[in-house]
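Colleague: I would like a close look at one part of this model, the sheet, followed by a careful account of what lies around that part and elsewhere in the chain.

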Amino acid sequence: MAQSAGPEIERLISLLAKLPGLGPRSARRAALTLLKRRDQLLSPLADALAEAAARVKVCSVCGSLDTQDPCAICSDGHRDPAMICVVEEVGALWAMERASAFRGRYHVLGGLLSALDGVGPEALRVNGLIARASEGGVREVVLALPATVDGQTTAHYLADRLAQADVSVTMLARGVPVGGELDWLDDGTIAQAMRARRPA
């Protein structure tokens, strides 16, 4: 295929195509929009990317991303330090924060156990979690991991490891989502919802 743009534009398209949800065509459209709106989009985006690259770091306590270490959540004195919510990645932490349903602290694992992908406990932030839960003052660890095979495998592994830490280990409830209709749900969700039913 003939090259339709200069090497700088092709490099921009190639880098954009590596982002989740963007294929080659979407990356070309995004690059074209950025280049057409250079002053409104491209220059501010370049500045924001450079600033993020220079200032954002991984929190040494929980593994989240912030411009300070410890992060704003770990430094917030109004949060309950006796509760730790374990999530797979920072995106899941952001989702929990959007819901405003949890006021404790977090622990980002950095992935899930996966025998097929060769990801073992040593590749994740498991030891840091065990240390935090064992140091005293923590009464509950909430495992907010995906309802996938790897998510459930990781949850069971963590529950076993946390058994010696003298903390309560809980998991997020699974079932019918708010606004969900039964005929649109998969069989596993309906079965889990039936098992987790509670008094009306």
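Colleague: In which sense do strand E3 (residues 80-87) and E4 pair, and over how many bridges?

Modeller: Strand E3 (residues 80-87) and E4 pair in the parallel sense, and the pairing runs over five bridges. Please keep in mind that this is a predicted model, in which local features need pLDDT of at least 70 and side-chain atom pairs count only at pLDDT 80 or more, while totals for chains, interfaces and linings use all residues. Residues are numbered from 1 along each chain as its sequence is written, and side-chain values use heavy atoms, with hydrogens and water left out.

Strands here are DSSP runs of E with at least two residues, and helices are runs of H or I with at least four, numbered from the N terminus; two strands pair if DSSP finds at least two bridges between them. One of the links between E3 and E4 can be followed residue by residue, since Val87 has Val108 of E4 as its bridge partner.

The wider setting of this pair is an open sheet of four strands in the order E4-E3-E5-E6, with parallel pairing. Its edges are formed by strand E4 (104-108) and strand E6 (168-171), each of which pairs on one side only. On average, neighbouring strands of the sheet are turned by 25° against each other, with direction ignored; the axes behind such angles are lines fitted to C-alpha atoms, for helices over the stretch in contact, and angles run from 0 to 180 degrees between N-to-C directions.

Helix H6 (residues 126-134) packs on this sheet and touches E3, E4 and strand E5 (140-143), where contact means heavy atoms within 4.5 Å. The direction of H6 makes about 155° with that of E4. Before E4 in the chain comes the loop from helix H5 (90-99), and Ser100 has its place in that loop. The phi of Ser100 is near 55°, which is a positive value in a residue other than glycine.

At the other edge, Met171 belongs to E6 and is among the residues that line the second largest pocket, together with others including Leu172, Arg174 and Gly175. A pocket is an open set of points on a 1 Å grid where a 1.4 Å probe fits, with protein on both sides within 12 Å along at least five of seven lines, and lining residues have an atom within 4 Å of a point. Helix H8 (residues 187-195) gives the most to this lining, with three residues.

Turning to other parts of the chain, Asp69 and Pro70 are joined by a cis peptide bond with omega at about 0°, and Pro70 lies in the loop between strand E2 (65-66) and helix H4 (72-75). The structure also holds six salt bridges, each being a side-chain nitrogen of Lys or Arg within 4 Å of a carboxyl oxygen of Asp or Glu. In one of them the side chains of Arg28 and Glu10 meet at 3.4 Å, N to O. Because Arg28 lies in helix H2 and Glu10 in helix H1, this pair ties together parts that are 18 residues apart in sequence.
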